[in-house]
Amino acid sequence: MATPKPLLIPWLIEQIDSGRYSGVCWTNQEHTEFCIPWKHGLRHDSSDDDHRIFKAWAEISGATNADASVWKRNFRSALRAKGCELIRDSKNDAANPHKVFRLPKEQQQRSKEQMRATVKETGHQEPVGNLTLGLPMSIGSINLYLGNDQTFQGSGQGYFPAAGELFMNQDFLQSVDNLNIYEHQQVLPTEMALPDMIPREELHSADKAMAVDPEIQRCQNFRQQMNETMVNNILCTQYRVKVYYRGVKVLEKLVETDAGFSVAFRPANMAPLSPVSWSGSVPTCIALPSPEEVQMHDQIQIKLTQRILEKMGDGLEVGVKGQAVYGLRRGDSKVYWSLCKFDKTGIPREVNKQEPEILYTMKDFTTGLKHFISFGGESPSFSLFFCFGEKWPDPDHRPWEKKLITLEVILTSLEILKMIAVEGGASSLQSVELQISDSPSLMETIDEWMRSLD
C-alpha cells in the first residue's frame, strides 16, 4: 500500500521542533507563530538551502517533479488552505527575507495546552526556536554568555527577539537575568534596555503598520532598488547570460560589472578575445563552447552550428551607456534580437555592425511597468533575446527554441524592480495567483522616477 500523505500542520510542527532547517523556527513562547525563510530564487545569493523546507514538503506530498518556485507556491497554498495566517511579510528584506505565520486557531489552543503541560511537568519554559525568542537577524559571530560560565557560540544565523517581544516575556528573562549578548566583542549589558533606544509604542505601531499595509514596505523597497539602478543618471546592472544551442542551455554566466560583455567563439588555435569597448570600459569576455564540448549528437546540427560559430569573428557586444542598453555586432555572422522569447511579429531586427545601437532604455521599461500595473496585459521585459546566424523574430514563426544558437540576457536590476512592483514577487506572470496592486504610492514613485529620466 502507498504511504498516506501526512497532514501539513502536524508535519510542519515536527519540522520546526526538529531544528533541522536553518531559519525555520518558532517566534513566540506559545509556539503558535513561526518563521519561514522566504528568499526569492532569482536573487544572486540564492542557494539550495533556501528551498529545503519547500522541497521537503514537495517530497512528502509527492510533487517533486517541479522547480523551486513551484515548491514554494504549493507550500504557501497549503498553508493558506489549512488556515495559517500571514502576520509579517518581510520577503523583500535585503539581509534576511522571511515570512511569519500564525497557526490556525484550533492548533493554537493545542500548542498553548502542550506548552503549559511542559512547564508544569519540567518546571521551566521551553526555549523558542534554536535560541529563545524570535525575529530573524544576521549579526555575524555572536557569543551568548548565560552566567555560571556557560557560553553559547552562534553563527549569526539564529533567531533573536524583536525588541517588543523581548520585554513582553519577562518571566523568561527573569530566569536568565545574567544574560549578556556580545556582538563582535562589544558588550550590550542587560541593564541597557532596548526600549530606551526604541520606544515600545513605536515598535508596535510600526509592526502594525507593516502588517496592515505591506504596500508601504513594497514602495520603500522599490525606491531603494530604483536608486541603486540609476546612479548619477546612469543605468547600473549586472547581466545573467544564458547560451542555448537549439533550445538546450549549454552555458550560463553572471557578469557582475557594469562594463557589459562580449560573446564570441574562439577555437583552440586562435588568440583569446581582448575587446576594447565603445563604452570606455573593458567588457567581460564569454567564450561560446564548440559542438564537441557540449556533446551534440545530431550531425546536421553540429555542422550548421559550427558554420555559424566560425563566421562569428569578434561576435556580439552588449553594454550600457547612460540610460540605455546598447548592442554592437563585431563579426560577419549576423545577429538578430528581440525583447521577447515568444515574439510573433515575424519582423527580424538585426543588430547594427557599424556603430552601437540602442536596444532598450530605462524609459521604455518604466513606461511599460506603469502601464502593466495600471491596466495589466503584457509586462515590460527585463531580458534581451539574441539569435546568431538566423533571422529573429522568425518570418515563418518558428519558435526561438528551434534556433541553432541563441542568447538570453537578463538585466538583473530591472528584474528585481519588476519583481518588487508585481505583488508577491511572482516568478511567473502566468500564475493564477498573481495579484497586481494599483497603489497610488507605487505609481507616484514610478512617475517621479520617469520625470527624473527626462
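**Exercise 1: a pair of strands**

Work out how strand 17 and strand 18 pair in this predicted model, and find the bridge partner of Gly-319.

*Solution.* Start by locating the two strands: strand 17 covers residues 316-321, and strand 18 covers residues 324-329. Next, check the sense of the pairing, which is antiparallel, over six bridges. Now pick out Gly-319 and look across to strand 18: its bridge partner there is Tyr-326. What holds such strands together in general? Strands of a sheet pair through backbone hydrogen bonds, either parallel or antiparallel.

**Exercise 2: the whole sheet**

Place strands 17 and 18 in their sheet, and say which strands sit at the edges.

*Solution.* First, read off the order, which is 16-15-17-18-20. That's an open sheet of five strands, with mixed pairing. Then look for strands that pair on one side only: these are strand 16 (284-287) and strand 20 (357-361), the edge strands. Finally, see how the neighbours are turned: on average by 25° against each other, ignoring direction.

**Exercise 3: a salt bridge between two loops**

Find the salt-bridge partner of Lys-353, and decide for each of the two residues whether it is buried, partly exposed or exposed.

*Solution.* Step one is the partner: Lys-353 forms a salt bridge with Asp-332, with 3.3 Å between the closest N and O atoms. Step two is where they sit. Lys-353 lies in the loop between strand 19 (335-338) and strand 20, while Asp-332 lies in the loop between strand 18 and strand 19. The two are 21 residues apart, so the pair links distant parts of the chain. Step three is accessibility. Lys-353 has 34%, so it counts as partly exposed. Asp-332 has 60%, and because exposed means over 50%, Asp-332 is exposed.

**Exercise 4: a salt bridge between two helices**

Which helices does the salt bridge between Asp-447 and Lys-370 link?

*Solution.* Begin with the contact itself: the closest N and O atoms are 2.6 Å apart. Then trace each residue to its helix: Asp-447 is in helix 13 (residues 440-453) and Lys-370 is in helix 11 (residues 362-375), 77 residues apart. As for accessibility, Asp-447 is partly exposed at 22%, and Lys-370 is partly exposed at 29%.

**Exercise 5: a network**

Describe the salt bridge of Asp-394 and Arg-398, then name the network it belongs to.

*Solution.* The two side chains meet at 3.4 Å, N to O. Asp-394 has a relative accessible area of 5%; since buried means under 20%, Asp-394 is buried. Arg-398, at 39%, is partly exposed. Last, follow the shared partners: salt bridges join Glu-390, Asp-394, Arg-398 and Lys-403 into one network. The structure holds 15 salt bridges.

Definitions and conventions. Residues numbered from 1 in each chain as written. Predicted model: local features only at pLDDT ≥ 70, side-chain atom pairs only at ≥ 80, totals over all residues. Heavy atoms only, no water. Pairing = 2+ DSSP bridges. Helix = DSSP H or I, 4+ residues; strand = E, 2+ residues; numbered from the N terminus. Axes fitted to C-alpha atoms, helices over the stretch in contact; angles between N-to-C directions. Salt bridge = Lys/Arg side-chain N within 4 Å of Asp/Glu carboxyl O. Buried < 20%, exposed > 50% of the residue type's maximum accessible area, 1.4 Å probe, protein only.
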